[in-house]
Amino acid sequence: MRTATIKRKTKETDIEVTVNLDGSGVSNVATGIGFFDHMLDLLARHSRLDITVKAVGDLHVDHHHTTEDVGIALGQAVKQALGTMAGITRYASIHMPMDETLSRVVIDISGRPVLVFKVDFPRDKVGNFDTELVREWFNAFTINAGVTLHVETLYGENSHHIAGEVPSTKGQLGG
């Protein structure tokens, strides 16, 4: 099985992430950030990856360190679980609707980390989660997973729907 566990402890966070690339979409996520947990649950379900995330962070400051460090750890776990990348489909794209919102996501599992993120949020927050952290998470994940990722919202009005459109990566990761 293609699995990996990454532990990351910094001054601001203490995180443990486990990923199973050959999973069925099971998630066990606890970051202390409700909307972020929701996003990670959607990632697991729609990508059919099994993801476990346990994160304790300096939430009394804000959600930035926890969100970014989970992206770092999850990216490292995916990269480690991919190993030599044998048997994967390198390129994939998807158009993903969520109610009034439509986004396009294109991925290249190339070993060359690049994020192109063309997403505008009508509001600064979804609940108490800063929408600018969505890009921070994708950036941290992309760099540490070693993938090229293009995310573009073609249209949408609801920040919850825009942020909730998490790309499905099951085909790309070879399952």
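1. Two aromatic rings of Phe, Tyr or Trp count as a pair if their centres lie within 6.5 Å. In this predicted model, ring pairs of that kind link Phe 117, Trp 137, Phe 138 and Phe 141 into a cluster. The count of aromatic pairs comes to five. A pair of rings is described by the distance of the centres and the angle of the planes.

2. Which two rings are stacked, with centres 6.1 Å apart? They belong to Phe 36 and Phe 129, and their planes stand at 10°, so the pair is stacked; the cut-off for that word is under 30 degrees. Phe 36 lies in helix α1 and Phe 129 in strand β9 (residues 129-130), so the contact ties together parts that are 93 residues apart in sequence. Phe 36 is buried, with a relative accessible area of 0%. Phe 129 is buried as well, at 1%.

3. The rings of Phe 117 and Phe 138 have centres 5.7 Å apart and planes at 40°, so this pair is called tilted. Phe 117 sits in strand β7 and Phe 138 in helix α3, 21 residues apart, and the pair thereby links distant parts of the chain. Both Phe 117 and Phe 138 are buried.

4. The strands come next. Strands of a sheet pair through backbone hydrogen bonds, either parallel or antiparallel. One open sheet has four strands in the order β1-β2-β4-β3, and its pairing is mixed. β1 (3-9) and β3 (27-30) stand at the edges with a single partner strand each, so one side of each has no neighbour in the sheet. From one strand to the next, the twist averages 5°.

5. What holds for the pairings inside this sheet? β1 and β2 (residues 13-20) run antiparallel and are joined by seven bridges; across this pairing, Arg 8 stands opposite Ile 15 in β2. β2 and β4 are also antiparallel, over eight bridges, and Val 17 has Val 53 in β4 as its bridge partner. β3 and β4, in contrast, run parallel and are joined by four bridges. There, Ala 30 has Lys 54 in β4 as its bridge partner.

6. Which helices pack on this sheet, and against which strands? Helix α1 (residues 34-47) touches β3 and β4 (50-57), and its direction makes about 165° with that of β3. Helix α2 (residues 64-82) lies across β1, β2 and β4, running at about 35° to β2. Together, β3, α1 and β4 make a β-α-β unit that is left-handed.

7. Another open sheet has four strands in the order β5-β6-β10-β7, again with mixed pairing. Its edges are β5 (91-98) and β7 (114-118), each with a single partner strand, so one side of each is left without a neighbour in the sheet. The twist averages 10° from one strand to the next. Strand β6 (residues 101-108) pairs with strand β10 (residues 148-155) in the antiparallel sense over seven bridges, and Arg 104 stands opposite Glu 152 in β10. Helix α3 (residues 132-145) packs on the sheet, touching β7 and β10; its direction makes about 160° with that of β7.

8. The remaining points concern charge. Side chains of opposite charge can pair when their charged atoms come close. The count comes to six salt bridges, among them one between Arg 2 and Asp 22 at 2.8 Å, N to O. Arg 2 lies in the segment before β1 and Asp 22 in the loop between β2 and β3, so the pair ties together parts 20 residues apart in sequence. Arg 2 is buried, at 18% relative accessible area, whereas Asp 22 is partly exposed, at 34%.

9. Another salt bridge joins the side chains of Arg 8 and Asp 69 (3.5 Å, N to O). Arg 8 is in strand β1 and Asp 69 in helix α2, 61 residues apart, so to read this pair one has to look at distant parts of the chain. Is each partner buried or partly exposed? Arg 8 is partly exposed, at 23%; Asp 69 is buried, at 5%.

10. Arg 90 and Asp 108 also meet in a salt bridge (2.6 Å, N to O). Arg 90 is in the loop between α2 and β5, and Asp 108 is in strand β6, 18 residues apart. Arg 90 counts as partly exposed, with 31% relative accessible area, while Asp 108 is buried, with 10%.

Definitions and conventions. Residues are numbered from 1 along each chain as its sequence is written. This is a predicted model: local features need pLDDT of at least 70, side-chain atom pairs count only at pLDDT 80 or more; totals for chains, interfaces and linings use all residues. Side-chain values use heavy atoms; hydrogens and water are left out. Two strands pair if DSSP finds at least two bridges between them. Helices (H or I, at least four residues) and strands (E, at least two) are DSSP runs, numbered from the N terminus. Axes are lines fitted to C-alpha atoms, for helices over the stretch in contact, and angles run from 0 to 180 degrees between N-to-C directions. Contact means heavy atoms within 4.5 Å. A crossover is right-handed if, with the strands pointing away from the viewer, the path from the first strand over the helix to the second runs clockwise. A salt bridge is a side-chain nitrogen of Lys or Arg within 4 Å of a carboxyl oxygen of Asp or Glu. Buried means under 20% relative accessible area, exposed over 50%, partly exposed in between (1.4 Å probe, protein chains only). Rings of Phe, Tyr and Trp (its six-membered ring) pair if their centres lie within 6.5 Å; planes under 30 degrees apart count as stacked, over 60 as edge-to-face and the rest as tilted.
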